[in-house]
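Reader: Please take a close look at one part of this model, the annotated membrane segments, and then explain how the rest of the chain is arranged around that part.

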Amino acid sequence: MAFPEDVLTEDEHVVLHLHPHWKALIRPIAVLVLAIAAVVVGVLLLPSGGGGSIALAVIGVLALVAVLWLGLWPFLVWRTTHYLFTNERVLLQQGVFSRDRRDLPLTRINDHSMNQRFVERLLGCGTLTIESAGERGQSVLADVPGVGQVQTTLYGLVEAQHDKHSLGDGEMRDILADMREGKPLRDTTS
């Protein structure tokens, strides 16, 4: 369930690799504790024998279904949801059996914003919304741990990528001067 390194390009490196905030695990843990408590109470309080054994079996089956459906499944969804920030793009991946992946190149990110409700501020998480050029436009990352720092890191990554692919004022003046003099254009990418 770890993120595969083979999806990265040759010069690409991971800056942040996150899963949704641990608050997503509160309900699965609560379901597990309640299911165990229900079975223990059933064992202690139900009479042994015919009706008590059937009731205990029903409680056990219901507890098992609840743990699998409301406990294990949300845990697997949490574990297989990845927010990966690299020096070239943001990769969003989710899926237990099937897999959905979205790549957002840093050069196409137009805007990003964060939102934290009161409880999220207390827990140190929030929602990060990334606007990018393209058909799908907006990506919403829910329950991002340390969302303020993540947004600041994303800003730095976007700016570094922009600076890497843009000309400085001095370079632009040199190109214009060369063009006026009829000189061939220089390679400014190195």
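Author: **The annotated segments and their surroundings**

The UniProt record, an unreviewed entry, places the feature "transmembrane region" at residues 29–48 and 54–78. The model examined here is predicted. In the span of residues 29–48, the end C-alpha atoms are 29 Å apart, and 85% of the span is helix, with 0% strand. For residues 54–78 the corresponding separation of the end C-alpha atoms is 35 Å, with 100% helix and 0% strand.

Two helices in the model bear on these spans. Helix H1 covers residues 26–45 and helix H2 covers residues 50–79; the two pack with their axes 8 Å apart, at an angle of about 170 degrees. That angle makes H1 roughly antiparallel to H2, because angles over 145 degrees count as such. On the H1 side, the residues that meet H2 are Arg27, Pro28, Val31, Leu32, Ala35, Ala38, Val39, Gly42 and Val43. Their partners on the H2 side are Leu56, Ile59, Gly60, Ala63, Ala66, Val67, Leu70, Gly71, Pro74 and Phe75. Sorted by class, the H1–H2 contact consists of 15 nonpolar, 3 polar and 1 charged residues.

The rest of the chain can be set around this pair. The protein chain has 5 helices and 7 strands in total. Read from the N terminus, its elements follow the order β-α-α-β-β-β-β-α-β-β-α-α. The C-alpha trace of the protein chain spans about 100 × 35 × 25 Å along its principal axes. The radius of gyration of the protein chain is 26 Å, whereas a compact globule of 190 residues would have one near 16 Å.

One sheet includes strands from both sides of the helix pair in sequence. This open sheet is formed by 4 strands in the order S1-S2-S3-S4, with antiparallel pairing. Its edge strands are S1 (14–18) and S4, each of which pairs on one side only. From one strand to the next the twist averages 10 degrees. S1 and strand S2, which covers residues 82–86, are antiparallel and share 4 bridges. Within that pairing, histidine 17 stands opposite leucine 84 in S2. Helix H4 (residues 147–164) packs on this sheet, where it touches S1, S2 and S3, and its direction makes about 150 degrees with that of S1.

At the other end of the sheet, strand S3 (residues 89–94) and strand S4 (residues 100–105) run antiparallel and are joined by 6 bridges. Leucine 91 has aspartate 103 in S4 opposite it. S3 and S4 make a hairpin with 5 residues between them, and glycine 95 in the turn has a positive phi of about 130 degrees.

A second sheet follows. It is open and antiparallel, and its 3 strands are ordered S5-S6-S7. Strand S5 (109–115) and strand S7 (138–145) are the edge strands, each pairing on one side only. The twist in this sheet averages 20 degrees from one strand to the next. Strand S6 (residues 125–132) pairs with S7 in the antiparallel sense over 6 bridges, and cysteine 125 stands opposite proline 145 in S7. Strand S7 also contains aspartate 143. Although aspartate 143 is not a glycine, its phi is positive, at about 55 degrees.

Helix H4 has a place in this second sheet's surroundings as well. H4 lies across S5, S6 and S7, and runs at about 170 degrees to S5. Taken with its contacts to S1, S2 and S3, this gives H4 a place against strands of both sheets.

Notes: Residues numbered from 1 in each chain as written. Predicted model: local features only at pLDDT ≥ 70, side-chain atom pairs only at ≥ 80, totals over all residues. Heavy atoms only, no water. Axes fitted to C-alpha atoms, helices over the stretch in contact; angles between N-to-C directions. Parallel < 35°, antiparallel > 145°, perpendicular 65-115°, else oblique. Contact = heavy atoms within 4.5 Å. Nonpolar A, V, L, I, M, F, W, Y, C, P; charged D, E, K, R; others polar. Pairing = 2+ DSSP bridges. UniProt positions renumbered as here; feature names shortened; annotations may be inferred. Rg over C-alpha atoms; globule rule 2.2 N^0.38 Å.
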